[in-house]
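Me: I would like to go through a model with you. Could we begin with the sheet and then turn to the cysteines?

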Amino acid sequence: MTIKITSDSTCDLSQELLEMFDIEMIPLYIMKNGKAYRDGVDITPADIFSYVEKTGDFCTTAAVNTFDYIRFFERFSTGYDAVIHISLGSGFSVCHVNAVDAAKVFSNVYVIDSKNLSSGQGHIAFEAAKMAEAGDDAGTIRRKITDVIERVETSFLIDRLDYIFKGGRCSLATALGANFLHLRTCVEVSGGIMQVTKKYRGDFESCVETYVRDKLEGRDDIVFDRIFITHPAAPPKAVEAARKAIGRYARFNEIIETKAGCTISCHCGPRTLGILFIRK
């Protein structure tokens, strides 16, 4: 069978990885000053951060609608035996519901709820593409990927919470308290939703090192094939601190740096960095 893997733009895979496994993305929408822009097509994270800095206003995000999904799936449904779409987690957006509705138009399009976001969702699309490349049929991929979804570990260290507060992801008290006390906040995906789990005190680079240590040290339940370091525009010193800490506390075959797209950037801000990997 020929299987096409697709995903929402929130998967935050690099162009190189998308091309390597022939994964196609559909962009979510970014709302800036009342106008809609396509994530990664009409607008970049740098555009968002510049707009916030200049105006003090924040951008918001909007889901892909059902009609857009239908047009997207039409491009592949006739050329492949099956299309498997890895959607942004249903706990974060109505993208999943809209994609499921669109898939009803076709007999060979299947939508999988990643229950995740960013390169956590990217891990799932990556694994599905590897299965397709290995010759697994659509039913086998759907069954295997369900197990992978439950084992993806996604977390981010966020320097400032005004972006995530404006996006409706944390309370005002949490945002004000963390910013006033100069705390760096760790958020992670658990049960398909994002939760604040820990706060770190100190400069961002030292907090990154401690955060990575907390996530990796002494673990024997990790698949060491690959780990993503994902960030919108974290300082190079912070990225290097993450790399060194990963090497100190674990032995991954690949450490892959990916840039977070506009959707994630809208909610987390520039100085955000996460490590994302798969458990056994």
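Reply: The turns below discuss the sheet, a helix and the cysteines. This is a predicted model, in which local features need pLDDT of at least 70 and side-chain atom pairs count only at pLDDT 80 or more, while totals for chains, interfaces and linings use all residues. Residues are numbered from 1 along each chain as its sequence is written, and side-chain values use heavy atoms, without hydrogens and water.

Me: In what order do the strands of the open sheet lie?

Reply: The order is β10-β9-β8-β13-β11-β12, 6 strands with mixed pairing. Strands are DSSP runs of E of at least two residues, and helices runs of H or I of at least four, numbered from the N terminus; two strands pair if DSSP finds at least two bridges between them.

Me: Which are the edge strands?

Reply: They are β10 (193–201) and β12 (254–259), each pairing on one side only.

Me: How many bridges join β11 to β12?

Reply: There are 6, and the two strands run parallel. In β12, E257 stands opposite I229.

Me: What does helix α5 touch?

Reply: Helix α5 (residues 118–133) packs on the sheet and touches β8, β11, β12 and β13, contact being heavy atoms within 4.5 Å.

Me: Changing topic, how many disulfides are there?

Reply: The structure holds 0 disulfides, a disulfide being a pair of cysteine sulfur atoms within 2.5 Å.

Me: Why is C95 without a bond?

Reply: The closest cysteine sulfur, in C11, is 12 Å from that of C95, which is too far for a bond. C95 is also buried, at 0% relative accessible area, where buried means under 20% with a 1.4 Å probe and protein chains only.

Methods. Axes fitted to C-alpha atoms, helices over the stretch in contact; angles between N-to-C directions. Buried < 20%, exposed > 50% of the residue type's maximum accessible area, 1.4 Å probe, protein only.
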